[in-house]
Every structure is written in C-alpha cells, then in structure tokens.
Amino acid sequence: MQITFLSVSVATFLLAIPCYGDGCVSGINHKAMPSPEPDMRECKLYSQSSCCFSNYTEQLAVSPVIKVYNTYWNRCGQLSSRCEEYMKKIDCFYHCSPHAFNWINPNNSYSLLAAPICQSFCDDWFAACRNDLTCVRNWISDWEWDDHGNNCRNECIPYHQMYKNGKDLCNNMWGATFNVTSYPCHCLMMDNDDGDMIQQMILSRGTPAPGEMHTELAQVPFCQRRLKNLNERQGAKKEQKGTQ
Ligand SMILES: *[C@@H]1O[C@H](CO)[C@@H](O)[C@H](O)[C@H]1NC(C)=O
Ligand SMILES: *[C@@H]1O[C@H](CO)[C@@H](O)[C@H](O)[C@H]1NC(C)=O
Ligand SMILES: *[C@@H]1O[C@H](CO)[C@@H](O)[C@H](O)[C@H]1NC(C)=O
C-alpha cells in the first residue's frame, strides 16, 4: 500500500515538471530519442546519450572544418582553431546533446529558445574568436541561401566589430537560442557538469526562496567547482590589471 502511494506521488511529481525530460529537437540530423553512440569522432561529451548518430560527427572531426551538412563555415576564410573549437561545441550541443530538448522552442520544434549559457563561457568564446572574420550577426537568419549553400550578404569583419562582447555574441549569433546567465550554477558550460546542473534545475523547480536554493546549490560539487573556477578567473584578471 505504501509502495503504491509512493510510486503514484513520484509519477505526479514527474508529470508536474513541464518540458524537462528526455527527447531530441526535430531536424534532419536528429534522432527521435537520445541513445548511446560509442563511436563518435567529435561531440564525445554526449556519447552516453546522444541525439545525433555518430556518423554526423565525422564532418566535425577535421580542422579546418569547411562545411557541416549544408553550411559553409569558411565564408570569410578559415576560422582559427580556437574559434573553431567553440563553433564545434555549439554545433555539438544543438545536434547531439540530450539536454538541448529542455529548451525546445514551443512554436518551432527545430529550434531552441533561451537556453541559459554561462557568461564565462561566452567571454571565452568571444576572446577565442575576437580576430576571426564573419559576415553575419545571426547565423540562423542573415545568410543568403542558394543551390551552393550559404553566402555572405555583407562584408567580412572581425568578431570584435560584429559583437560588443561575449554576452552580445551569445545572445545574438544563434538568434534566440541562448540567453546569457551570470549565475554560474544555472547555466550551460558545454562541459561534463552540465548534466548535474540540469538535474539541480529540475530538483529546485518550485523552490519558493531563490536565496535558499542558492545556498544549498553552492554545496553541490559541480557548483563548487564552477564557483572556484570563477574566483580564480577573477583573481587572475585582478592580477593582470595590477601588473599593467
Ligand atoms: C548515419 O547513420 C544512421 C544510422 O546508422 C543512418 O540511418 C544514416 O543514413 C547515416 N547517415 C549518413 C549520412 O550516412
Ligand atoms: C508562439 O506563438 C504564439 C502565437 O502565435 C505567440 O503569441 C508567442 O509569442 C510565440 N512564442 C514565442 C516564444 O515565440
Ligand atoms: C534571460 O535570463 C534572465 C536572467 O538571467 C531572465 O530574467 C530572462 O527572463 C531570460 N530571458 C528569456 C527570454 O528567457
């Protein structure tokens, strides 16, 4: 009797969480449901539960990347390898991550909406691509498409002219896909800790006082790692300023 009651309340709890769960975004390169892909060549972060088939990642497992599916990455020349790494991380997230589904756009199952991305990730991305060239501010809407794929409409300019900073880059390069978040334990870093971060987000849904939630969250190992990294970054920045 008690066991039945428990399983009923667990089921009710799960049903009460909208959106969060297993699934994949719609798309020609997406599976219906995530499953293991032990032979991935790239995007290995998601090999235990992947929304892309391993063969999708072959085109990403080279450098320089010329074209991914139907999109040229080199319309303004080859990307630097540092910048290319970030392009790959974002492409892997969209195509292969089983987490992306949590932010599926309710009006368009092919796209994501306001996935929380960490400020520090965006700052590093901007720094990596700073002097690379690009001709589009929004990779979803600003290309001119023809039979050969995507073409520039405007001249190529450095990332640091196209975007003000990391936040501007993250909030605009992929349309409404990402929303920059400064609290480090509530956002995607495209690393191994993202799974734990999402688990915590699910658990803390409905917590009345966000302040309390933060205190508890700060005890969770992944969050401690992120806070420590952030402190070290800030320390390093101060030191740099001090020696200038
Ligand atoms: C990739 O692999 C999947 C599953 O094995 C297959 O259905 C698909 O056609 C393959 N795609 C390409 C481009 O080879
Ligand atoms: C989705 O579509 C509805 C109806 O057209 C609109 O009111 C709503 O703002 C849209 N939501 C998003 C996130 O675009
Ligand atoms: C983006 O994140 C901020 C907090 O970091 C939040 O207030 C805002 O509602 C979010 N925007 C969207 C479109 O979800």
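**Helices H2 and H3 in the predicted model**

Lysine 88 counts as buried, because 21 C-beta neighbours lie inside 10 Å of this residue and the threshold for burial is 20 or more. The model is a predicted one, and in it lysine 88 is placed in helix H2. When neighbours within four places in sequence are left aside, the residues in contact with lysine 88 are Glu42 and Leu60. The C-alpha atoms of lysine 88 and valine 65 are separated by 9.2 Å in space, the two residues being 23 apart in sequence.

The protein chain as a whole has 244 residues, of which 29% count as buried, and its secondary structure comprises eight helices and ten strands. Of the contacts in the chain that join residues at least 6 apart in sequence, 60% are between residues at least 24 apart.

Helix H3, which spans residues 119-129, has Phe121, Cys122, Trp125, Phe126, Ala128 and Cys129 as buried residues. Viewed down the axis of H3, these buried residues fall within an arc of 160 degrees and therefore line one face of the helix. Such an arrangement can be read against the general geometry of the α-helix, in which there are 3.6 residues a turn, so that residues three or four places apart point the same way. The cover over the buried residues of H3 includes helix H2 (81-96), strand S5 (115-118), helix H4 (159-162), helix H5 (166-172) and S10.

The packing of H2 against H3 was examined further. The axes of these two helices come within 7 Å and cross at roughly 140 degrees, and H2 and H3 are therefore oblique to each other, since an angle counts as roughly antiparallel when it is over 145 degrees. The crossing in which H2 passes H3 is left-handed. At this contact, Arg82, Cys83, Glu85 and Tyr86 in H2 meet Trp125, Ala128 and Cys129 in H3; by class, the contact has five nonpolar and two charged residues, and no polar ones. Trp125, Ala128 and Cys129, which H3 brings to this contact, are also among the buried residues of that helix.

Strand S10 (178-181) is followed by a loop leading to helix H6 (194-204), and aspartate 191 is found in this loop. Aspartate 191 is partly exposed, because 15 other C-beta atoms lie within 10 Å, whereas lysine 88, with 21 such neighbours, counts as buried. Between aspartate 191 and tyrosine 46 the C-alpha to C-alpha separation is 9.6 Å in space, although 145 residues separate them in sequence.

Notes. Residues are numbered from 1 along each chain as its sequence is written. Chains are lettered from A and ligands numbered from 1 in the order in which they are written. This is a predicted model: local features need pLDDT of at least 70, side-chain atom pairs count only at pLDDT 80 or more; totals for chains, interfaces and linings use all residues. Helices (H or I, at least four residues) and strands (E, at least two) are DSSP runs, numbered from the N terminus. A residue is buried if 20 or more other C-beta atoms lie within 10 Å of its own, exposed if 12 or fewer, and partly exposed in between; C-beta atoms are placed from the backbone. Two residues are in contact if their C-beta atoms, placed from the backbone, lie within 7 Å. The arc is that of the directions from the helix axis to the C-beta atoms. Axes are lines fitted to C-alpha atoms, for helices over the stretch in contact, and angles run from 0 to 180 degrees between N-to-C directions. Angles under 35 degrees count as roughly parallel, over 145 as roughly antiparallel, 65 to 115 as roughly perpendicular and the rest as oblique. A crossing is left-handed if the near helix is turned anticlockwise from the far one by less than a right angle, and right-handed if clockwise. Ala, Val, Leu, Ile, Met, Phe, Trp, Tyr, Cys and Pro count as nonpolar, Asp, Glu, Lys and Arg as charged, and the others, Gly among them, as polar.
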